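Work through these exercises with the sequence and the 3D view side by side. Try each task before you read its solution.

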Amino acid sequence: MLEQKIRAPKNRGFYVRMKLLPSKHGRSSVPQLEKKSFFYRNCKWVLWLSLSFYFFSSYLISNHPNQNNNKQPTSLSKTHFSSLASRALFESTTNNITQKQGLPFNDLKIFVYDLPAKYNTDWLKNERCSTHLFASEVAIHRALLTSEYLTVDPYEADFFFVPVYVSCNFSTVNGFPAIGHARSLIASAINLISTQHPFWDRSHGSDHVFVASHDFGSCFHTMEDVAISDGIPGFLKNSIVLQTFGVKQKHPCQEVENVVIPPYVSPESVLRTLEKSPVIGRRDIFAFLRGKMEVHPKNISGRFYSKRVRTMLWRKYNGDRRFFLQRHRFAGYQSEIVRSVFCLCPLGWAPWSPRLVESVALGCVPVIIADGIRLPFDDVVPWAEISVNVAEKDVGKLAEILEHVAATNLSAIQKNLWDPRVPRALMFNDRVHEGDATWRVLSALANKRARSYRRSRVSSQ
């Protein structure tokens, strides 16, 4: 972590040395001088003590300003600009959040089921499992296991976390995560914990927490029509689901108690990029998008990828010098994001995209093109102040919209965006840091404590 070390100037202290000279006539020759000598000796010590107290008080005041360490951040809308491109983007200065008192969930307790390895850690044999865009299920599990909010006594727990990794079954054909096994794997885990423990049955799963970090969340399918048709499995409908999918309108795949979380982006990869190109560095790309943009979109079950939005972007702006559009993969694409002013974040099959997090983390203004999307932690992240929202039907006017923003309020948006608390809220770490994504999950769960069986029993007594 880069740190600002403020070195205090070396204050040269001083003292008063007083020397009372005896009379040239001797001590006993003039009695009055003995009285004065006595007075001077006592005056010396009084003056010395007074000066010492003065300088000591001045030091305390100058080096220990009054701070309210118990102030709780509730919203990121009031920003404080910082130019440090460092780990401060993702970590607080306090590595362990429980070292800070007065947090809104300081008495929250989470019990994490110790499931057989086939449900989680066996999948980590493939390194992609802990680094790809769905890896929040791994990151949250790891962070909770080292959190001060973890309890090993299930009878004192407010919530029960069920660590099932369903996004790590990568297809041997295209390399994408296949989640056809998700329902059966989660059902098996629930059967196991309900057989071995009483906690699922006593609350009917209402205080149990799962992660569904896939295209359409707890519907567990990559295609929306199939996801809607299948719906949320009955065994999950009474639980809490942390999912990347969320829309403002009614949708079958969010008809469950849910928290919209960000997709996973590796904080290490972002930090490596920022070490070479800081957030406040030169940005010579006006508008950027690298990703799938079909020239001739395919009709798949009556639906087109990205609702043809990406095709429209390619057709209209591919030859425009202001736009840097690339259809092919590039491992170092984050170096392009950090050079860009605007980063286009159009919908794919689902409305959300990891570009949202990458853009924010690398200081590029996200241009969200996904009608009705619910953004992660929208109660604390000031999305309206750090991004540009463009309706899907207005893609043809995108250049004019961005030019207008650049000429009017771009600097204000960037100032808000570059507040370190904003990217920190969207990044998962292996350990919980104050204000990071897992911290925000804990805060969201704290607001749902009415679902806790233990809390309901306490309140009824």
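Helices (H or I, at least four residues) and strands (E, at least two) are DSSP runs, numbered from the N terminus. This is a predicted model: local features need pLDDT of at least 70, side-chain atom pairs count only at pLDDT 80 or more, and totals for chains, interfaces and linings use all residues. Residues are numbered from 1 along each chain as its sequence is written, and side-chain values use heavy atoms, with hydrogens and water left out.

**Exercise 1. A residue in a strand**

Task: Find the strand in which Val-211 lies. Then decide: does Val-211 count as buried or exposed? List its contacts beyond its neighbours within four places in sequence.

Solution.
Step 1. Val-211 is part of strand S3, residues 208–212.
Step 2. Buried means under 20% relative accessible area, exposed over 50%, and partly exposed in between (1.4 Å probe, protein chains only). Val-211 has 6% relative accessibility, so it counts as buried.
Step 3. Contact means heavy atoms within 4.5 Å. With the neighbours within four places set aside, Val-211 is in contact with Ser-136, Glu-137, Ile-140, Phe-161, Leu-242 and Ile-261.
Step 4. Now check a C-alpha distance. Val-211 and Pro-163 are 48 residues apart along the chain, and their C-alpha atoms are separated by 7.8 Å.

**Exercise 2. Build the sheet**

Task: In what order do the five strands form the open sheet? Which strands are at the edges?

Solution.
Step 1. Recall the rule: strands of a sheet pair through backbone hydrogen bonds, either parallel or antiparallel. Here, two strands pair if DSSP finds at least two bridges between them.
Step 2. The order is S9-S6-S10-S11-S12, and the pairing is parallel. The edge strands are S9 (323–326) and S12 (388–389), each pairing on one side only.
Step 3. Go to S10 (residues 340–346). Three bridges join S10 to S6 (residues 285–290). Ala-287 stands opposite Phe-342 in S10.
Step 4. On to S11 (residues 365–369). Five bridges link S10 and S11 in the parallel sense. Leu-344 has Val-367 in S11 as its bridge partner.
Step 5. S11 and S12 pair over two bridges, again in the parallel sense. Here Val-367 has Val-388 in S12 as its bridge partner.
Step 6. Check how covered S10 is. Seven of its seven residues are buried.
Step 7. Trace the path from S10 to S11. S10, helix H9 (residues 355–361) and S11 make a right-handed β-α-β unit. A crossover is right-handed if, with the strands pointing away from the viewer, the path from the first strand over the helix to the second runs clockwise.

**Exercise 3. The two sides of a helix**

Task: Which residues of helix H11 are buried? Why do they line one face of the helix?

Solution.
Step 1. H11 covers residues 398–408, and its buried residues are Leu-398, Ala-399, Leu-402 and Val-405.
Step 2. Look down the axis of H11: the buried residues fall within an arc of 130 degrees, so they line one face. The arc is that of the directions from the helix axis to the C-beta atoms.
Step 3. Turn to the face directed away from the buried side. Exposed Glu-400, His-404 and Ala-407 are carried there.

**Exercise 4. Ring pairs**

Task: How many aromatic pairs does a search of the whole structure find? Describe the pair of Phe-216 and Phe-245, then that of Tyr-317 and Phe-323.

Solution.
Step 1. Rings of Phe, Tyr and Trp (its six-membered ring) pair if their centres lie within 6.5 Å; planes under 30 degrees apart count as stacked, over 60 as edge-to-face and the rest as tilted.
Step 2. The search finds 14 aromatic pairs.
Step 3. Phe-216 and Phe-245 are 5.3 Å apart centre to centre, with 55 degrees between the planes, a tilted pair. Phe-216 lies in the loop between S3 and helix H5 (224–230), and Phe-245 in the loop between strand S4 (240–243) and strand S5 (257–260), so the pair ties together parts 29 residues apart in sequence. Both Phe-216 and Phe-245 are buried.
Step 4. Tyr-317 and Phe-323 form a stacked pair: 4.4 Å centre to centre, 20 degrees between the planes. Tyr-317 is buried at 2% relative accessibility, and Phe-323 is buried at 6%.
Step 5. Finish with a cluster. Ring pairs link Phe-111, Tyr-113, Tyr-155, Phe-160 and Phe-199.
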